[in-house]
Amino acid sequence: MKIIEEEITSGEPVADFFDAIAGTSTGGIIAIGLGLKKSAAQIEQLYSIDGEKVFPAYSVIRRWIRHIRASLHDHTELERLLYKTFQDATLGQSSTRLVIPAFLGPRTQIAVLKTDHHPDFQKDHLMAAWEAARATSAAPTFFQGHDTGDDYVFLDGGIWANNPIMAAVVDALSAYDVTREQIEILSIGTGNAPYNIGKFALRGGLFQWREIIKGAIFLATDNAQAQAGLMLGPQNILRLEPKGQAAEIELDDWRKATSVLPSIARDDFQKNKERIASLFIEKVAPRNRFYTSAC
């Protein structure tokens with residue numbers, strides 16, 4: 001997004017050119033930041049510089065010990081950075097419509113946090129932006145769930161919507177009088193490498209199910225993309241995603257991610273620059289607001 005603001009929008013916020021932005025997990029953090037008119041450069045810094053504080057490197061032995069006993073990383077550092085970035089802003093202060101998948105426990109429920117762009121969306125807009133970002137990014141085993149203090153705990157939306165494209169499509173079609181042909185999507189992924197389940201895991205033991213569940217999350221990503229393509233037509237979706245070994249970088253491997261992914265992103269941008277630019281020809285109208293007012 002940083003390179004788009006530098007080379008296409010002349011510094012104008014990306015959010016001004018989209019009717020809605022959807023994001024899950026780390027994508028949810030980015031979506032909320034863009035919606036609140038944070039510059040793409042500021043959001044990039046959250047990852048390229050501050051990310052090391054959230055994902056410190058551990059030795060193999062220390063990593064194993066921490067992972068057995070509790071969540072691998074300290075969620076308080078993530079919360080500190082999110083609050084530093086969003087301060088006291090609420091989800092409802094977003095300039096564009098937001099669709100942020102999450103997952104609720106202990107009684108399992110799907111949650112999609114949204115701005116007040118439809119009269120039915122009466123509560124989410126009150127949620128602190130940093131909490132919404134924390135809720136969607138509470139990746140199991142990496143961070144503990146986000147306790148809201150009212151008997152609910154949020155977990156990462158990637159459990160059911162690792163790719164939020166269908167959540168965005170359903171929101172657009174159900175909340176507005178638009179046709180499928182009117183919807184255009186820029187979809188940016190974090191890598192979805194081919195995933196093989198070992199024969200041992202297929203036996204279905206207690207510990208082997210972890211491998212199977214990971215495979216199911218990958219399949220859910222592929223399925224959402226395929227469904228959206230069938231509904232809208234592949235010509236209406238531009239999907240950018242790292243491939244090969246870059247797609248296999250672990251979620252918390254900050255060093256490898258920051259050294260490998262930026263150059264891939266620049267290459268993808270250059271290869272698709274004309275198509276990307278076609279999505280930024282004119283700004284969109286201000287979003288509907290039923291319970292908030294524009295700042």
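This report describes helix α6 and three residues with positive phi values in a predicted model.

**Helix α6**

Helix α6 covers residues 75–86, a run of 12 residues. Its length can be checked against expectation: at 1.5 Å a residue the helix should span 16 Å, and its end C-alpha atoms are 16 Å apart, so the two values agree.

Several residues of α6 are buried, namely His-75, Glu-77, Leu-78, Glu-79, Leu-81, Leu-82, Thr-85 and Phe-86. An α-helix has 3.6 residues a turn, so residues three or four places apart point the same way. The buried residues of α6 pack against the helices α2 (26–35), α3 (40–48), α4 (51–54) and α7 (129–136). They also pack against the strand β4 (146–147).

**Positive phi values**

Most residues other than glycine have a negative phi. Just after α6, Gln-87 takes a positive phi of about 50°. Two loop residues likewise have positive values: Lys-37 has a phi near 65°, and Thr-141 has a phi near 75°. Neither Lys-37 nor Thr-141 is a glycine.

The loop that holds Lys-37 lies between α2 and α3, whereas Thr-141 is placed in the loop between α7 and β4. Partly exposed residues have a relative accessibility between 20% and 50%. Lys-37 therefore counts as partly exposed, at 40%. Thr-141 likewise counts as partly exposed because its relative accessibility is 37%.

| Residue | Phi | Relative accessibility |
|---|---|---|
| Lys-37 | near 65° | Lys-37: 40% |
| Thr-141 | near 75° | Thr-141: 37% |

Methods
Residues are numbered from 1 along each chain as its sequence is written. This is a predicted model: local features need pLDDT of at least 70, side-chain atom pairs count only at pLDDT 80 or more; totals for chains, interfaces and linings use all residues. Side-chain values use heavy atoms; hydrogens and water are left out. Helices (H or I, at least four residues) and strands (E, at least two) are DSSP runs, numbered from the N terminus. The expected span of a helix is 1.5 Å times one less than its number of residues. Buried means under 20% relative accessible area, exposed over 50%, partly exposed in between (1.4 Å probe, protein chains only). Contact means heavy atoms within 4.5 Å.
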